[in-house]
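Got the viewer open? Load the model, switch to cartoon, and keep the selection box handy.

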Amino acid sequence: GSARQDRGYPLMLTPLVRRQLIAFVIITPIAVLVMAISYLGVPASLGIGRYVVSVDLPSTGDLYPRSAVSYRGVDVGTVTSIELTPTGVRAFLSISSQYRIPRASLAHVDAMSAIGETYVDLVPDPSLAAANPGDLTAGEVIPASHATIPVSTEKVVDSLSALLRSL
């Protein structure tokens, strides 16, 4: 018999299959692009879905840009930058818009681990609520009087040395 050859015959697509292929070719790259942008955190890096507040501190307390910011132990944002001021430093905190931080909050710079990683922990203070109602909004500043930094290692060593000399 004669061998059947399929080459040279045009591929027959029904109109339905043709529309499905066209939709697939259009939708797939768009979906991949949206997922890649979301995965890389582009909206957050552009400030979408975030608001920035700042906290005045007497010194950095070993805080650095990209340090974590938490509220009641939940990660809510990051430190974006730190600038010098005449009285110390001002740390800028980028906070996810899904979190409402009371204006009556204290900002504690604490050590996250033994190797010295620091973070800002925002803690509500009911004693400040009457004078500071509502939630923090973009651009607000937590004053230095509502912030604390850890005791430096140098001060601990100096105090320990003084104690040992006094014995």
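Here is a short walk through the fold, from the overall layout to a few residues worth clicking.

Before you start: this is a predicted model, where local features need pLDDT of at least 70, side-chain atom pairs count only at pLDDT 80 or more, and totals for chains, interfaces and linings use all residues. Residues are numbered from 1 along each chain as its sequence is written, and side-chain values use heavy atoms, with hydrogens and water left out.

**The whole chain.** Color by secondary structure and you should find three helices and eight strands, in the order α-α-β-β-β-β-β-β-β-β-α from the N terminus. Helices here are DSSP runs of H or I with at least four residues, strands are runs of E with at least two, and both are numbered from the N terminus.

**Helix 1.** Select residues 15-39. At 1.5 Å times one less than the number of residues, these 25 residues should span 36 Å, and the end C-alpha atoms are indeed 36 Å apart. Just past the helix, click Gly41, which has a positive phi of about 75°.

**Two hairpins.** Go to strand 2 (68-71) and strand 3 (74-85). They run antiparallel with four bridges; strands count as paired if DSSP finds at least two bridges between them. Tyr71 is bridged to Val74, and in the two-residue link Arg72 takes a positive phi near 55°. Strand 3 then makes a hairpin with strand 4, again with two residues between the strands. This antiparallel pair has eight bridges; look for Gly77 opposite Ile95.

**Strand 5, with two partners.** Select 105-111, then 118-124 (strand 6): the two are antiparallel over seven bridges. Now add strand 8 (147-148), which pairs with strand 5 in the parallel sense over two bridges. Center on His108: its bridge partner in strand 6 is Asp121, while in strand 8 it is Thr148.

**The core.** Show side chains for Val55, Leu57, Leu93, Ile95, Val120 and Leu122, the residues with the most contacts inside the largest nonpolar core, which has 21 residues. Such a core is a set of buried Ala, Val, Leu, Ile, Met, Phe, Trp, Tyr and Cys residues joined through side-chain atoms within 4.5 Å, buried being under 20% relative accessible area with a 1.4 Å probe, protein chains only. Strands 1 to 6 each give two or more residues to it.

**Last stop: Leu57.** Which residues does Leu57 touch? Leaving out those up to four places away in sequence, its contacts (heavy atoms within 4.5 Å) include Leu63, Val109, Thr148 and Ile149.

Methods
Buried means under 20% relative accessible area, exposed over 50%, partly exposed in between (1.4 Å probe, protein chains only).
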